[in-house]
Amino acid sequence: MYKIMTPGPTQVRENVRSARSLPCTNPDLDPDFYDFYKETCGLISELLETEHPAYILDGEGILGLEAACASLTEPGDRVLVVDNGVYGKGFADFVTMYGGVPEFYESPYTKAVDVEVFREYLKEHHDFKYATLVHCDTPSGVLNPVEELSLALHEYGIMTVVDSVSAMFGEPLRVDAGKIDIVCGGSQKALSAPPGLSFVTVSPAAMKAMESRKTPIASFYANILVFRDYYKNQWFPYTMPISDIYGLRAALENVRADEDRLRRHRELAGLTRRTVQEMGLSLYLEDGFSSTVTVIRVPEGMEAARILEAMKKEHGIMIAGSFDVLAGQVIRIGHMGENANQKDVKETLDALRAVIRKLREETP
Ligand SMILES: *Cc1c(COP(=O)(O)O)cnc(C)c1O
């Protein structure tokens, strides 16, 4: 068994694993399960500081992103896709898939989107139904000021979809204060439940946009609207994964009980950045560091794969490479959720120091 220090999936605490082994009822027929699901959704809304209802969907983190786009996009809709990272750009695929017309707002991958520059752009370009934003774009680790960006978009009546899968619970996120219409989360990042679930919170405006569509939503599984009256009708669109939801609930309660959580994420992220720089390594980003993940450039003459392999083989620790345009260029330490503890972060940094030293000795 490796020590998991990747930016998702993350370590899972024993009480979450135990909750997943509780006896199962028939989740379609048992009124108690409808209450349990609703309370669990209520806890998500509470932790994200929103009055909007949350819905747990049976699919890994990506499903929430697709469901938001599938449910909001009608053929021909113009959608602003804020692209300063791999996930940011990736939203355009979902927009296109459901007939929308994406317009890219491009910003350098090595820094957070600048709110003032974005505001200037919006003055001339604001004919969009909604915009997609990424809170922490995990492949590069950049953290965007999504609340401020969303408020700027709302001045032009543009709805907002925010992917906070790898930021929420490790970084502050206030959905109502930022007027975020749909926020997407997943079970396997800072929440530290196993992969398998996504969830969304939905504003009244976003729900209304789904209800008043001229064309039906071109999906069943990625249709948020079918969840709207589940409690009133005591009916789920498909059988809910009850054990996954028991685990998710325990993980959410762990988050709620952990008052020191955000401070600890900030400190350990700071410690990680300082320590890797002391080793002579350089960070990928110029600014906009997320407290959930640190992204480090692979030193000249070294191979990412060899660093990761040595971390696993010699130290039993799993850290991550990256993908898409960043493949092979960086390595990533995920210090979010259960991974965000002094002991594991220090062990990981010590191991990395030893691995880098050894590889430097091998490289002429
Ligand atoms: C992890 C993650 C997701 C969920 O999808 P994966 O299949 O686990 O990649 C979505 N968005 C972001 C920003 C993520 O980090």
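So, K189 and the ligand: a polar side-chain atom of K189 sits 2.7 Å from an oxygen atom of the ligand. Keep in mind as I go through this that we're looking at a predicted model.

K189 has company. On E60, an N or O atom of the side chain is 2.5 Å from an oxygen atom of the ligand. And with D163 the ligand uses a nitrogen atom, which is 2.6 Å from an N or O atom in that side chain. How much of the ligand's accessible area does the protein cover? The ligand has 370 Å² on its own, and the protein covers 83% of that.

Okay, who else is around? The residues surrounding the ligand include G61, I62, Y87, C136 and T138, and then further along V165, S166 and Q188. If you sort the shell by character, you get four nonpolar residues, four polar ones and three charged ones.

Can we trust the picture? Well, here's what the predictor says: the average pLDDT for the protein is 97, and 100% of the residues score at least 70. Confidence is highest in strand β8, residues 159-163, at 99. It's lowest in helix α12, residues 342-362, where the mean is 97.

Now let's move to helix α6, which runs over residues 146-154 and holds S150. Is S150 buried or exposed? Its relative accessible area is 0%, and anything under 20% counts as buried, so S150 is buried. Its side chain reaches the backbone oxygen of K179, at 3.1 Å. Leaving out residues up to four places away in sequence, S150 touches L133, T160, G178, K179 and I180.

S150 is also part of a group here: the buried residues of α6 are V146, E147, L149, S150, A152 and L153. What do they pack against? Two of the partners are β3 (78-83) and α5 (115-124), and the others are β5 (130-134) and β8.

Last stop, E103. You'll find E103 in strand β4, residues 101-106. This residue is at 31% relative accessibility, and since partly exposed means between 20% and 50%, that's the label E103 gets. Which residues does E103 touch, again not counting those up to four places away in sequence? The contacts are R78, V79, L80 and V81, plus Y121 and F128.

And one distance to try yourselves on the screen: go from E103 to S322, C-alpha to C-alpha, and you should get 26 Å in space, with their positions 219 residues apart in sequence.

Note on methods
Residues numbered from 1 in each chain as written. Predicted model: local features only at pLDDT ≥ 70, side-chain atom pairs only at ≥ 80, totals over all residues. Heavy atoms only, no water. Helix = DSSP H or I, 4+ residues; strand = E, 2+ residues; numbered from the N terminus. Buried < 20%, exposed > 50% of the residue type's maximum accessible area, 1.4 Å probe, protein only. Polar contact = N/O pair within 3.5 Å; in protein donor to acceptor, adjacent residues only side chain to side chain. Contact = heavy atoms within 4.5 Å. pLDDT = per-residue confidence, 0-100. Near = heavy atom within 4 Å. Areas by Shrake-Rupley, 256 points an atom, 1.4 Å probe, with all protein chains shown as cover. Nonpolar A, V, L, I, M, F, W, Y, C, P; charged D, E, K, R; others polar.
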